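Dear colleague,

I am passing the structure below on to you, and after it you will find an account of what turned up when I went through it. Please read the notes with the structure open beside them.

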Amino acid sequence: MALHTVCSTADLAIGEKRLVQASGQAILVYRLEDGWFATQAKCPHILAPLAKGKIVDGHLVQCPFHRARFDIRTGKCTQWANWPPGLVDVLNAFRGEKDLRSYPVRVSGDQVQVEIA
Ligand code: FES
């Protein structure tokens, strides 16, 4: 386990996210009402950049490609790829539902740190 400082607490307002690199990995860091969180940056469906997705309902990130949704706090998929109707079913036949990898986040002073195994 290693802690990587990825940004300052002043860098993100509540409801924002930022793409960072840590330990050679692309990671999305989020600041929510519930605190700070981090997940893998690419959607597990066909690797869309979740940094271009939107945060909905205060704690879900929605993929910009086919609208899969994931709980930022746990990485759990709450809705798999569903857009556009019909066409996405072809993709889903060989890209089944997966959760996002999530990473523990610690705030130390004004430093936001992500723990990566
Ligand atoms: S790439 Fe994210 S839902 Fe398809």
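In this predicted model, A2 stands opposite I116, a residue of strand β11. The two belong to a longer pairing, in which strand β1, covering residues 2–8, runs antiparallel to strand β11, covering residues 111–116, with 6 bridges between them.

Strand β11 also pairs with strand β10 (residues 105–108), again in the antiparallel sense and over 4 bridges, and here R106 has Q113 of β11 as its bridge partner. Together β10 and β11 make up a hairpin that leaves 2 residues between the strands. Within that turn, G109 has a positive phi of about 65 degrees.

Turning to the charged side chains, how many salt bridges does the count come to? The count is 4 salt bridges, and I describe some of them here.

R73 meets D34 in a salt bridge, with 3.2 Å from N to O. Because R73 sits in the loop between β7 (69–71) and β8 (77–79), while D34 sits in the loop between β3 (25–32) and β4 (35–40), this pair ties together parts that lie 39 residues apart in sequence. The side chain of R73 also meets that of D71 in a salt bridge, at 2.9 Å from N to O, and D34, D71 and R73 are accordingly linked in a network of salt bridges.

Is D71 buried or exposed? With a relative accessibility of 10%, D71 counts as buried, because the cut-off for that class is under 20%. R73, on the other hand, has a relative accessibility of 36% and therefore counts as partly exposed.

A further salt bridge joins K76 to D99, whose closest N and O atoms are 3.8 Å apart. K76 lies in the loop between β7 and β8, and D99 lies in the loop between α1 (87–92) and β9 (102–103), so that this pair ties together parts that are 23 residues apart in sequence. As for their surroundings, K76 counts as partly exposed at 47% relative accessibility, and D99 likewise counts as partly exposed, at 36%.

If you would like a place to begin, you could follow β11 from its pairing with β1 to its pairing with β10, and then go on to the network that links D34, D71 and R73.

With kind regards

How values were computed. Residues are numbered from 1 along each chain as its sequence is written. This is a predicted model: local features need pLDDT of at least 70, side-chain atom pairs count only at pLDDT 80 or more; totals for chains, interfaces and linings use all residues. Side-chain values use heavy atoms; hydrogens and water are left out. Buried means under 20% relative accessible area, exposed over 50%, partly exposed in between (1.4 Å probe, protein chains only). Two strands pair if DSSP finds at least two bridges between them.
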